[in-house]
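Visitor: Please show me the structure, and then let me ask how its labels are justified.

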Amino acid sequence: MKDNKCFLYQVEDLVFSYTLGNQRVEALRGVNVAIPASSLVTISGPSGSGKSTLLNILGLIEPVQEGRVLFRGEDMKWMGEKRKNLVRKLEIGFIFQQFHLIPVLSAEENVRYFLVRQGLSKGEIKERVEGSLESAGLWEHRKKKPSELSGGQKQRVAIARAIAKKPCVIIGDEPTASLDQKTGFEVMELLARLVETEKTSVILTTHDAMVQSFSQQNIHIQDGTTCG
Ligand code: ADP
């Protein structure tokens, strides 16, 4: 495989298994895919096919056991823990099905909280918090706590928190699954707009044809392998 920085990820012959007691569960049995930068990519497939496992490897949450994964041309197998932490902290934004917001903090404080650890100046933090709340359409709701927000608004806060990092990729495990179709559609419109305007890449697992309709590339996984 040629190392190519135009690709965000290059995945070759990726194999991954979990160990459960003395049993091995083969979650990925050979995944091959190249993901270009600045695109919206979905990962689809039946339940248990390996979608979340692949996403967790791309997000540096699970290690590369066998095969090769390049992140912007860098071989993930040779990244030490320190480097992985730095990449997760600075380059990758995460969004989740259940939002994972801090309940006692307002929308604005949720967005600011993780930025403070990034060593940015006060002015830069303020600019990023305000900018990301505005692009997520949350300005008027910025003082509200998660319990005062709808599901769609909570996911927007999570997206604002992710984009405030200015990451090169936002990774989400079924981020619209707990939202109704209309709200999920609006969240997808927001993510598609980010790809367009900020050139951020977005990679999502999904079961939903509506979510797939927004993608420039769909990776279909069946029994731990990429098909087609
Ligand atoms: P999907 O996201 O497509 O539903 P997963 O990647 O979650 O699939 O799971 C792929 C396979 O790995 C399944 O057989 C699942 O049961 C198994 N698996 C997932 N996570 C774990 C884990 N932490 N320990 C053991 N087996 C797991």
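The exchange below takes up the ligand and then the salt bridges.

Guide: This is a predicted model, in which local features need pLDDT of at least 70 and side-chain atom pairs count only at pLDDT 80 or more, while totals for chains, interfaces and linings use all residues. Residues are numbered from 1 along each chain as its sequence is written, and side-chain values use heavy atoms, with hydrogens and water left out.

Visitor: Which residues surround the ligand?

Guide: Y18, L20, V25, A27, P46, S47, G48, S49, G50, K51, S52 and T53 do. A residue is near a molecule if one of its heavy atoms lies within 4 Å of it.

Visitor: What makes the approach of G48 to the ligand a polar contact?

Guide: The term needs a pair of N or O atoms within 3.5 Å; within protein, one must be able to donate a hydrogen and the other to accept it, and residues adjacent in sequence count only if both atoms are side-chain atoms. A backbone N or O atom of G48 lies 2.7 Å from an oxygen atom of the ligand, so the pair qualifies. For S49 the distance from such a backbone atom to a ligand oxygen is 3.1 Å, and for G50 it is 3.1 Å.

Visitor: How much of the ligand does the protein bury?

Guide: Taken alone, the ligand exposes 560 Å², and the protein buries 64% of that. Accessible areas come from the Shrake-Rupley method with a 1.4 Å probe; for residues, only the protein chains shown count as cover.

Visitor: Why is the pair R24 and E26 called a salt bridge?

Guide: A salt bridge is a side-chain nitrogen of Lys or Arg within 4 Å of a carboxyl oxygen of Asp or Glu. The closest N and O atoms of R24 and E26 are 3.6 Å apart, so the pair meets the rule. R29 also forms a salt bridge with E26, at 3.2 Å.

Visitor: What makes K143 exposed or buried, and what of E108?

Guide: Buried means under 20% relative accessible area, exposed over 50%, and partly exposed in between (1.4 Å probe, protein chains only). K143 has 60%, so K143 is exposed. E108 has 11%, so E108 is buried. The side chains of K143 and E108 meet in a salt bridge, with 2.8 Å from N to O.

Visitor: Why is E26 called partly exposed?

Guide: Its relative accessible area is 41%, which falls between the two limits, so E26 is partly exposed. R24, at 59%, is exposed.
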